Amino acid sequence: MKAQPGTLRASLQERTTIGTLGINETNASGKKGIRCFACGHRCFIPEGLEGVCKVRYNKAGELRVPWGYVGGIHVDPIEKKPFFHVLPGSLALSFGMLGCDLHCAYCQNWVTSQSLRDSNAQSHPYDMRATNLVAKAMQSNARIIASTYNEPLITAEWAVEIFSEAKKRNLLCAFVSNGNATPEVLQFIRPYVDLYKVDLKSFQDKHYRELGGVLANVLSSIETIHRMGFYLEIVTLLIPDFNDSPEEIKELTSFIAGVSRDIPWHVTAFHPDYKMQGPRATTPEDLLRAAEQGKNAGLRYVYAGNLPGKVGEWENTRCSQCEKTLIERHGFMVIGMELENGKCPDCDHPLPGVW
């Protein structure tokens with residue numbers, strides 16, 4: 001029998017705590033509720049109701065938020081997140097919870113992210129303590145712990161609890177996020193989050209609204225994330241006839257370059273998934289065209305992903321000064337590396353990242 005979202009919601013409400021990212025407020029109609037700042041929706045949540053994410057809700061005037069569980073745990077290469085300029089070849093312990101503030105039709109993690117909207121998503125919460133999760137990372141020889149699989153912003157309080165324990169063991173901490181943030185949530189997580197990956201899904205607001213978001217929120221968050229000093233990489237899943245026009249890719253990559261030419265940009269291959277079965281799969285030629293546009297926009301570190309061995313040098317990291325290959329990859333596997341304290345051994349040019 002399929003789990004029903006209502007049954008799952010009741011189970012999750014047993015695994016909550018009082019949230020930090022909200023204030024009591026009376027709206028323009030005189031109704032009392034809580035304004036939540038965990039994501040760019042900034043939901044006003046009346047008594048007894050939940051926000052867009054369906055996991056943050058108002059109970060007797062208190063903001064209740066997810067706590068004390070995971071929806072999944074896995075150990076992956078850090079390159080899979082993807083972070084290409086962070087401790088190459090290292091392992092990351094990835095954990096996720098349930099729920100999301102968007103509803104992307106092509107979500108590749110829909111089993112966890114859409115579990116409260118879709119009865120076909122067969123995810124369940126598993127009780128977990130922060131100390132136990134960090135212990136699992138240490139036992140796995142992971143050097144990074146990442147909140148991923150669903151949107152980490154909507155479970156930020158729980159992530160901070162975990163990351164505060166991870167910091168005691170000198171682990172790097174990461175958000176793998178859609179970037180639909182607020183200044184308030186970014187300020188809240190900044191002492192604990194070292195690495196931030198943003199999925200920049202499109203450069204057209206109409207497409208973001210189809211997914212349940214607003215483009216301007218994400219662009220503003222990217223600028224703020226960079227300004228606040230998080231280490232940032234950006235990924236765009238290239239979907240034929242959705243976000244792959246030359247005009248859109250030019251605008252998208254020019255925006256990133258305007259924030260910083262040193263931000264690595266990953267353009268990755270789409271395959272039909274979840275509710276988006278119509279578009280064809282992305283080809284190597286599609287990725288190569290987009291990668292060239294990123295380079296032409298001035299980005300110094302552009303990567304074409306998800307098609308190992310089919311995109312030539314675009315899997316590798318090269319020195320932006322002398323073009324020497326510094327990190328050679330096949331998919332998520334590092335097969336060669338020449339770096340000296342994060343610098344090119346030939347010209348001594350520094351490579352942005354965490355080494």
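# Briefing on a predicted model

Alanine 257 is buried, with a relative accessible area of 15%, a value that falls under the 20% cut-off for burial. This residue has its place in helix α8, and its C-alpha atom is separated by 5.6 Å from that of leucine 299, which stands 42 residues away along the chain. The model described here is predicted, and the points below move from the strands around helix α8 to the nonpolar cores, the empty spaces, a three-stranded sheet and the cysteines.

**Strand β15 and its neighbours**

- Helix α8 (residues 246-259) carries the chain from strand β14 across to strand β15, and the β-α-β crossover formed in this way is right-handed.
- Strand β14 (residues 231-238) is paired with β15 in the parallel sense, over 5 bridges, and within this part of the structure threonine 236 stands opposite valine 267 of β15.
- On its pairing with strand β16 (residues 302-305), β15 again runs parallel to its partner, here through 4 bridges, with histidine 266 opposite tyrosine 303 of β16.
- The connection from β15 to β16 involves helix α9 (residues 284-296), and these three elements together make a β-α-β unit that is right-handed.
- Strand β15 covers residues 265-269, and because 5 of its 5 residues are buried, the strand is largely enclosed by the rest of the structure.
- In a regular strand, side chains alternate between the two faces of the sheet. In β15 both faces are covered, since Trp265, Val267 and Ala269 are buried on one side, while His266 and Thr268 are buried on the other.

**Nonpolar cores**

- In soluble globular proteins, nonpolar side chains tend to be buried together.
- The largest nonpolar core holds 77 residues, and the members that touch the most others are Ile189, Tyr196, Leu200 and Trp265. Helix α4 (residues 156-168) contributes the largest share of this core, namely 7 residues.
- Another core, of 14 residues, lies apart from the largest one, and its members include Cys107, Ala121, Ile239 and Met276.
- Trp265 therefore appears in two of these descriptions, as one of the buried residues on one side of β15 and as one of the residues with the most contacts to other members of the largest core.

**Pocket and cavities**

- The largest pocket contains about 970 Å³ of space. Its lining is made by 39 residues, of which Lys81, Gln108, Asn109, Lys197 and Asp199 lie nearest the centre of the pocket.
- Six strands are named for this lining: β8 (72-77), β12 (172-177), β13 (195-199), β14, β15 and β16 each supply at least two residues to it.
- A search of the whole structure also finds 2 cavities of 30 Å³ or more, and the largest cavity has a volume of about 70 Å³.
- The residues that line the largest cavity are Arg9, Leu12, Gln13, Arg15, Thr16, Lys54, Val55, Tyr57, Pro66, Tyr69 and Leu116.

**The sheet β17-β18-β19**

- Strands β17, β18 and β19 form, in that order, an open sheet of 3 strands with antiparallel pairing.
- The edges of this sheet are β17 (317-318) and β19 (333-337), and because each has a single partner strand, one side of each is left without a neighbour in the sheet.
- Between β17 and strand β18 (residues 325-330) there are 2 bridges in the antiparallel sense, and the bridge partner of arginine 318 is threonine 325 in β18.
- Isoleucine 335 has its place in strand β19 and is partly exposed, with a relative accessible area of 47%. The C-alpha atom of isoleucine 335 is separated by 8.9 Å from that of glycine 89, although the two residues are 246 apart along the chain.

**Cysteines**

- The count of disulfides comes to 0, where a pair of cysteine sulfur atoms would have to lie within 2.5 Å to be counted.
- Cysteine 39 is in no disulfide, and the nearest cysteine sulfur, which belongs to cysteine 43, is 5.6 Å away. Cysteine 39 is also buried, at a relative accessible area of 8%.
- Cysteine 319 is likewise in no disulfide, the nearest cysteine sulfur being that of cysteine 347 at 3.5 Å. With 2% relative accessibility, cysteine 319 counts as buried.

Conventions
Residues are numbered from 1 along each chain as its sequence is written. This is a predicted model: local features need pLDDT of at least 70, side-chain atom pairs count only at pLDDT 80 or more; totals for chains, interfaces and linings use all residues. Side-chain values use heavy atoms; hydrogens and water are left out. A nonpolar core is a set of buried Ala, Val, Leu, Ile, Met, Phe, Trp, Tyr and Cys residues joined through side-chain atoms within 4.5 Å. Buried means under 20% relative accessible area, exposed over 50%, partly exposed in between (1.4 Å probe, protein chains only). Two strands pair if DSSP finds at least two bridges between them. A crossover is right-handed if, with the strands pointing away from the viewer, the path from the first strand over the helix to the second runs clockwise. On a 1 Å grid over the protein atoms alone, a cavity is a set of points where a 1.4 Å probe fits but cannot get out, and a pocket is an open set with protein on both sides within 12 Å along at least five of seven lines; lining residues have an atom within 4 Å of a point. Grid points are joined across faces, edges and corners, and a volume is the space filled by probe spheres set on the points.
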